[in-house]
Amino acid sequence: MGNRKDIETIADIRLLVDTFYGMVRRNALIGPVFNNAIQDRWPEHLDKMYRFWQTVLLGEHTYGGSPFPPHAPLPIEEAHFNTWLGLWRDTVDSLFEGEKAEEVKWRAEKMAAMFLSKITYYRHHPSKPLR
């Protein structure tokens, strides 16, 4: 290991989420999608992301809800997910290293693949309920 530490606390998660979404908001491809969808609700969105990753990574159950439905109507394609994942990996790798850092990248990859798959499905089956 180098001089980066692993993700261990809610403060680490806040640093990761804040740094990542700072990069997202400035990204030419996905920034406009996020900014248009979230508008002035960034503090609320960031807080939700802190709680989501705190629940997933640290086992501290502060998030309840279903993460997929808000993403379903967004004008996003595979290129958006690839950009999102690239920024996520770069952010994690720039700040942390260790078991949790690897896990958070793996989980993001799985989540992106699942979201893309579901979005594609619902676009071709619009009468099905979103879950």
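1. Is E109 buried, partly exposed or exposed? E109 has a relative accessible area of 32%, so it is partly exposed. The model is a predicted one, and the points below work outward from this residue and then return to the core.

2. E109 takes part in a salt bridge with R89, with a distance of 3.2 Å from N to O. The two residues belong to separate helices, E109 to α5 and R89 to α4, so their pairing ties together parts that lie 20 residues apart in sequence. R89 is likewise given as partly exposed, at 30% relative accessibility.

3. The helices joined by this pair also pack against each other. The axes of α4 and α5 are 10 Å apart, and the packing angle is about 170°. The two helices are therefore roughly antiparallel, since an angle over 145 degrees counts as such. On the α4 side the contact is made by E78, F81, W84, L85, W88, R89, V92 and D93. On the α5 side it is made by A101, V104, K105, A108, E109, M111, A112, F115, L116 and I119. By class, these residues are 13 nonpolar and 5 charged, with no polar ones.

4. K105, a residue of helix α5, deserves a separate remark. Is K105 buried or exposed? Its relative accessible area is 11%, so K105 is buried, the limit for that class being under 20%. Apart from neighbours within four places in sequence, K105 is in contact with W88, R89, V92 and D93. R89 thus appears both among the contacts of K105 and in the salt bridge with E109.

5. Which residues touch the most other members of the largest nonpolar core? They are Y21, W53 and W84, in a core of 39 residues. Five elements give two or more residues to this core: α1 (10-26), α2 (31-38), α3 (42-58), α4 (78-95) and α5 (99-124). Of these, α5 gives the most, with 9 residues. As a general background, nonpolar side chains in soluble globular proteins tend to be buried together.

6. Y21 can be followed further. With residues up to four places away in sequence left out, Y21 touches F34, W42, H45, L46, M49 and W84. W84, one of the residues with the most core contacts, is also part of the contact between α4 and α5.

7. Y21 also belongs to the meeting of α1 with α2. There, Y21, V24 and R25 of α1 meet G31, F34 and N35 of α2. The axes of these helices come within 6 Å and cross at roughly 105°. That crossing makes α1 roughly perpendicular to α2. The residues of this contact divide into 3 nonpolar, 2 polar and 1 charged.

8. How many salt bridges does a search of the whole structure find? The search finds 9. One of them joins R51 to D47, whose closest N and O atoms are 3.0 Å apart. R51 and D47 are 4 residues apart in helix α3, so about one helical turn separates them. R51 is partly exposed at a relative accessible area of 26%, and D47 is partly exposed at 35%.

9. Another salt bridge is found in α5, between E103 and K100, with 3.7 Å between the closest N and O atoms. Both residues lie in that helix, 3 residues apart, or about one turn. K100 counts as partly exposed, with 26% relative accessibility. Elsewhere, salt bridges link K5, E8 and D12 in a network.

10. E8 turns up again among the contacts of L58, a residue of helix α3. With neighbours within four places in sequence set aside, L58 is in contact with E8, T9, I10, I13 and W53. At 21% relative accessibility L58 counts as partly exposed. The C-alpha atoms of L58 and K100 are 8.8 Å apart, although 42 residues separate the two along the chain.

11. A last pair involves M114, which is found in helix α5. M114 counts as partly exposed, at 35% relative accessibility. The C-alpha atom of M114 is separated from that of F68 by 9.1 Å, the two residues being 46 residues apart along the chain.

Methods:
Residues are numbered from 1 along each chain as its sequence is written. This is a predicted model: local features need pLDDT of at least 70, side-chain atom pairs count only at pLDDT 80 or more; totals for chains, interfaces and linings use all residues. Side-chain values use heavy atoms; hydrogens and water are left out. A nonpolar core is a set of buried Ala, Val, Leu, Ile, Met, Phe, Trp, Tyr and Cys residues joined through side-chain atoms within 4.5 Å. Buried means under 20% relative accessible area, exposed over 50%, partly exposed in between (1.4 Å probe, protein chains only). Contact means heavy atoms within 4.5 Å. Axes are lines fitted to C-alpha atoms, for helices over the stretch in contact, and angles run from 0 to 180 degrees between N-to-C directions. Angles under 35 degrees count as roughly parallel, over 145 as roughly antiparallel, 65 to 115 as roughly perpendicular and the rest as oblique. Ala, Val, Leu, Ile, Met, Phe, Trp, Tyr, Cys and Pro count as nonpolar, Asp, Glu, Lys and Arg as charged, and the others, Gly among them, as polar. A salt bridge is a side-chain nitrogen of Lys or Arg within 4 Å of a carboxyl oxygen of Asp or Glu.
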